[in-house]
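Let's take a walk through a protein model together. Have the sequence and the 3D view open, and turn the structure around as you read.

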Amino acid sequence: METTLKILVVDDDEVDRMTVRRALKKAGLSAELTEAEDGAEAIAHLQGHMFDTVLLDYRLPDWDGLSIIRQIHELNIKVPLIVFTGQGDEEIAVEIMKAGAADYLSKTRISSETLPKAIRNAVRIHQAEMAATLATQRLRATNELLVLQNKELERQQQQIRLQNLQLQEAYRLKSQFLATMSHELRTPMNAIVGFSQLLLRQYPHPLTSEQVDIVQRIFNNSQNLLNMINEILDFSKIEAGKFELNFHEFDLAQLVKLTAEELRSLALQKKIALEVDIALTNTKVVQDLNSLKRVIINLLSNAIKFTEEGQVRIEVWEVNSERVGIAVKDTGIGISPEHLETIFQAFRQVDQSITRKYAGTGLGLAITDSLVKMMHGKIEVESQVGVGSVFRIEIPRKANA
Ligand code: ADP
């Protein structure tokens, strides 16, 4: 069913207004008509009510059609206008269309066919224009929102970049602090280790057994402390990218045997067997001797530290003509699966409580991991709680190959 259209008819001629009424009635257009006789009355109606369309006589006693159209625009009243023109008003028709009228109709052509058709068209187009304007407004609003969100995102990104820089700076300062501190601590520690060693020689004055015991403790503890300081210093050097490797040829079998011998006393103290199994036809490798020694010491001392009974075993074999493998196996406390992923991270220990049983900085495996990578090798671990662990590394026989 057609909705009733609210139409404002603006015409000073009663006969013309009647023609309009008749035409609409005859066409059966459902309309509610309001009539005005001049421009001022028309504007007053338009300011007070909403109309679906305005039928406007171009020639009114006060203003012409063009002035009314302009006023309606100035007042921002949105309504389609159909202007009735007189005969020979073609030029005027062009002007009023330009000024924004929806349509024009010569008074002589007003009929029950032309008028409703013009009204329906004007209303339809107006509604479509309104819908388009609304859609554009919504789009603009969405766009403005997007621009705002984008600005906010950019601001947050900028903030993250800034925080990132601050973090990097804090990280650099921390590494620098660690490097300086450990470097400064190393000199007096070296003196303590050296002098306690001298005292232990008991020359030329022998010590009482109590004194030997005390000096031995000083020596052991300062040696441990020195190892930790060295660990921190090396770690900060690696982090700062200042740790350099020197590749040259050496005998891997000899290195492994000698290193194991250096640590044998630790195993003996804990009554653990320390086995060495070397299965190499060619024992020569081109690698960084100090770094590889460091890796073996870290893995073996961990294995001994975390094993209470049974054995620690180091195996060396040829993976292929270009790679060698080294495995350190123990029958110790083992590592649970959830900790296996983190133990290679710096300062990570399975037991991080102050009262933990095993001493250490938590840097050994982080250093080991970095060194193995710098030697172009890889490291992996397998472990079972209560059964033991295997740390396996693979490195190229010739580092620069
Ligand atoms: P640290 O030995 O100084 O604590 P590491 O980086 O060498 O630090 O090792 C990190 C942690 O990994 C150790 O604290 C320990 O919890 C675990 N871990 C390393 N090696 C073994 C091992 N052979 N058996 C059991 N746990 C180990």
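**Around the ligand**

Helix H8 gives the most to the shell around the ligand, with three residues. Keep in mind as you look that this is a predicted model. H8 covers residues 289-305, and it has company: helix H10 (364-374) and strand E12 (388-396) also supply at least two residues each to that shell.

Which residues come nearest to the ligand? Out of the 20 residues around the ligand, they are Asn302, Asp330, Gln349, Gly362 and Leu365. If you sort the shell by residue type, you get nine nonpolar, eight polar and three charged residues.

Now zoom in on a few atoms. Lys305 has a polar side-chain atom 3.0 Å from an oxygen atom of the ligand. Asp330 also puts a polar side-chain atom by the ligand, this time 2.9 Å from a nitrogen atom. With Gly362 it is the backbone that takes part: one of its polar backbone atoms is 2.9 Å from a ligand oxygen atom. How much of the ligand's accessible area does the protein cover? On its own the ligand has 530 Å² of accessible area, and the protein covers 96% of that.

**The sheet with mixed pairing**

Next, step back and find the open sheet of five strands in the order E7-E9-E10-E12-E11, where the pairing is mixed. Strand E7 (273-279) and strand E11 (378-384) stand at its edges with a single partner strand each, so one side of each has no neighbour in the sheet. From one strand to the next, the twist averages 10° here.

A bit of background helps at this point. Strands in a sheet pair through backbone hydrogen bonds, and they can do so in a parallel or an antiparallel way. E7 and strand E9 (residues 311-318) go for the parallel sense, over seven bridges. To spot one of the pairs, look for Leu274, whose bridge partner in E9 is Val312.

Helices lie across this sheet too. Helix H7 (residues 252-269) crosses E7, E9 and strand E10 (323-330), running at about 175° to E7. H8, which you met beside the ligand, lies across E7, E9, E10, E11 and E12, and it runs at about 20° to E10.

**The parallel sheet**

Now go back towards the start of the chain. Here is an open sheet of five strands in the order E2-E1-E3-E4-E5, with parallel pairing. Its edge strands, strand E2 (31-36) and strand E5 (103-106), each pair on one side only. The average twist in this sheet is 20° from one strand to the next.

Inside it, strand E1 (residues 5-10) and strand E3 (residues 53-57) pair in the parallel sense over four bridges. Ile7 is a good place to look, since it stands opposite Thr53 in E3. Helix H1 (residues 14-27) packs on this sheet and touches E1, E2, E3 and strand E4 (81-85), while its direction makes about 175° with that of E2.

**Two spots in the loops**

Before you finish, here is another piece of background: most peptide bonds are trans, and most residues other than glycine have a negative phi. Where does Asn76 lie? You'll find Asn76 in the loop between helix H3 (65-74) and E4. Its phi is near 60°, a positive value in a residue other than glycine.

The other spot is a cis peptide bond, which joins Tyr203 and Pro204 with an omega of about 5°. Pro204 is found in the loop between helix H5 (114-200) and helix H6 (209-239).

Notes. Residues are numbered from 1 along each chain as its sequence is written. This is a predicted model: local features need pLDDT of at least 70, side-chain atom pairs count only at pLDDT 80 or more; totals for chains, interfaces and linings use all residues. Side-chain values use heavy atoms; hydrogens and water are left out. A residue is near a molecule or strand if one of its heavy atoms lies within 4 Å of it. A polar contact is a pair of N or O atoms within 3.5 Å; within protein, one must be able to donate a hydrogen and the other to accept it, and residues adjacent in sequence count only if both atoms are side-chain atoms. Accessible areas come from the Shrake-Rupley method with a 1.4 Å probe; for residues, only the protein chains shown count as cover. Ala, Val, Leu, Ile, Met, Phe, Trp, Tyr, Cys and Pro count as nonpolar, Asp, Glu, Lys and Arg as charged, and the others, Gly among them, as polar. Two strands pair if DSSP finds at least two bridges between them. Axes are lines fitted to C-alpha atoms, for helices over the stretch in contact, and angles run from 0 to 180 degrees between N-to-C directions. Contact means heavy atoms within 4.5 Å.
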